[in-house]
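Colleague: Before I take any of the usual labels on trust, I would like to hear how each one is justified. Could we go through the model together, term by term?

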Amino acid sequence: MQFCTKKYINMAKEDYLIKLSMMEQEAEKLREQINLIEQQILEFNILAESLQKIENSKSKEILSNLGKGVFLKTEIKDSELFVNIGSNVVLKKKPKEAIEIINKQITQLEEMRKIMINDIEKMNENLQNLVTEARKDNN
């Protein structure tokens, strides 16, 4: 009879370990998503700041980023921008309008980030409860 009890305890420990592992993996995925969101927020802020500088600049020349650290000196002939608003739809926008769109996107990303942080806090609480429960069952 003692063998069956030991086997049950070992199975219970395995169940707790599996649950803990799954919860930790889920929390790690959320942390990675939060990091990606924070990177996007940073990039949007840099973009908004650049657009603000272009709008306020008296100079008609800028360095355009072609990608991978390659820049081209370009002359600004028109202050209107071509903004991809999704589904490959491009609209002409003034810098101020583009900044408003960017700020809305930043707000949406910040809300998503808050929700994810809240989810991680709930997971941490559940993890602590699970550890407490496992300790009680093993005593």
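What follows is a conversation about the terms used for this predicted model.

Colleague: What makes the contact of Arg-113 and Glu-38 a salt bridge?

Modeller: The rule asks for a side-chain nitrogen of Lys or Arg within 4 Å of a carboxyl oxygen of Asp or Glu. The side chains of Arg-113 and Glu-38 meet with N to O at 2.8 Å, so the pair satisfies that cut-off. By this rule the model holds five salt bridges.

Colleague: Why do you say that Arg-113 and Glu-38 tie parts of the chain together?

Modeller: Arg-113 belongs to helix α2 and Glu-38 to helix α1, and because the two parts are 75 residues apart in sequence, the pair ties them together.

Colleague: How do you know whether Arg-113 and Glu-38 are buried or exposed?

Modeller: Buried means under 20% relative accessible area and exposed means over 50%, with partly exposed in between. Arg-113 has a value of 27% and Glu-38 has 32%, so each of the two is called partly exposed.

Colleague: Why is the pair of Glu-80 and Lys-92 also called a salt bridge?

Modeller: The closest N and O atoms of Glu-80 and Lys-92 are 3.5 Å apart, and because the limit is 4 Å, the pair qualifies. This pair links distant parts of the chain, with Glu-80 in the loop between β2 (70-75) and β3, Lys-92 in strand β4, and twelve residues from one to the other. At 28% relative accessibility Glu-80 counts as partly exposed, and Lys-92, with 48%, is partly exposed as well.

Colleague: And what separates Lys-114 from Glu-111 along helix α2?

Modeller: Lys-114 and Glu-111 are three residues apart in helix α2, which means that about one helical turn separates them. The closest N and O atoms of this salt bridge are 3.7 Å apart, and Glu-111, at 42% relative accessibility, counts as partly exposed.

Colleague: Turning to the interior, what makes a group of residues a nonpolar core?

Modeller: The members must be buried residues of the nonpolar kinds, joined through side-chain atoms within 4.5 Å. The largest such core has 16 residues, of which Leu-30, Ile-37, Ile-41, Leu-51, Ile-102 and Met-116 touch the most other members. Helices α1 (2-56) and α2 (95-138) each supply at least two residues of this core, and the largest share, eight residues, comes from α2. A second, separate core of six residues includes Leu-20, Met-23, Leu-130 and Ala-134.

Colleague: Which residues does Ile-37 contact, once its neighbours within four places in sequence are left aside?

Modeller: Ile-37 is in contact with Leu-109, Met-112, Arg-113 and Met-116.

Colleague: How do you know that β3 and β4 are paired strands?

Modeller: Pairing requires at least two bridges between the strands. Strand β3 (residues 81-86) and strand β4 (residues 89-93) are joined by five bridges and run antiparallel, so the requirement is met. Among the partners, Val-83 is matched with Leu-91 in β4. The hairpin of β3 and β4 has two residues between the strands, and Ser-87 takes a positive phi near 55°.

Colleague: Why are β1 and β2 called paired too?

Modeller: Strand β1 (residues 61-67) and β2 pair in the antiparallel sense over six bridges, and because two bridges are enough, they count as paired. Ile-62 stands opposite Thr-74 in β2. These strands form a hairpin with two residues between them, and Lys-68 in the turn has a positive phi of about 55°.

Colleague: Which residues line the largest pocket, and which of them are closest to its centre?

Modeller: The largest pocket holds about 260 Å³ of space. It is lined by 14 residues, the closest to its centre being Leu-47, Leu-51, Val-83, Ala-98 and Ile-102. The elements α1, β3 and α2 each supply at least two residues of that lining.

Colleague: Finally, what makes Glu-133 partly exposed, and how far is Glu-133 from Tyr-16 in space?

Modeller: Glu-133, which lies in helix α2, has 41% relative accessibility and so counts as partly exposed. The C-alpha atoms of Glu-133 and Tyr-16 are separated by 9.0 Å, although the residues are 117 apart along the chain. For Ile-117 and Ile-62, 55 residues apart in sequence, the C-alpha to C-alpha distance is 39 Å.

Technical notes. Residues numbered from 1 in each chain as written. Predicted model: local features only at pLDDT ≥ 70, side-chain atom pairs only at ≥ 80, totals over all residues. Heavy atoms only, no water. Buried < 20%, exposed > 50% of the residue type's maximum accessible area, 1.4 Å probe, protein only. Helix = DSSP H or I, 4+ residues; strand = E, 2+ residues; numbered from the N terminus. Contact = heavy atoms within 4.5 Å. 1 Å grid on protein atoms, 1.4 Å probe; cavity = no way out; pocket = protein on both sides within 12 Å on 5 of 7 lines; lining within 4 Å. Points joined across faces, edges and corners; volume = space filled by probe spheres on them.
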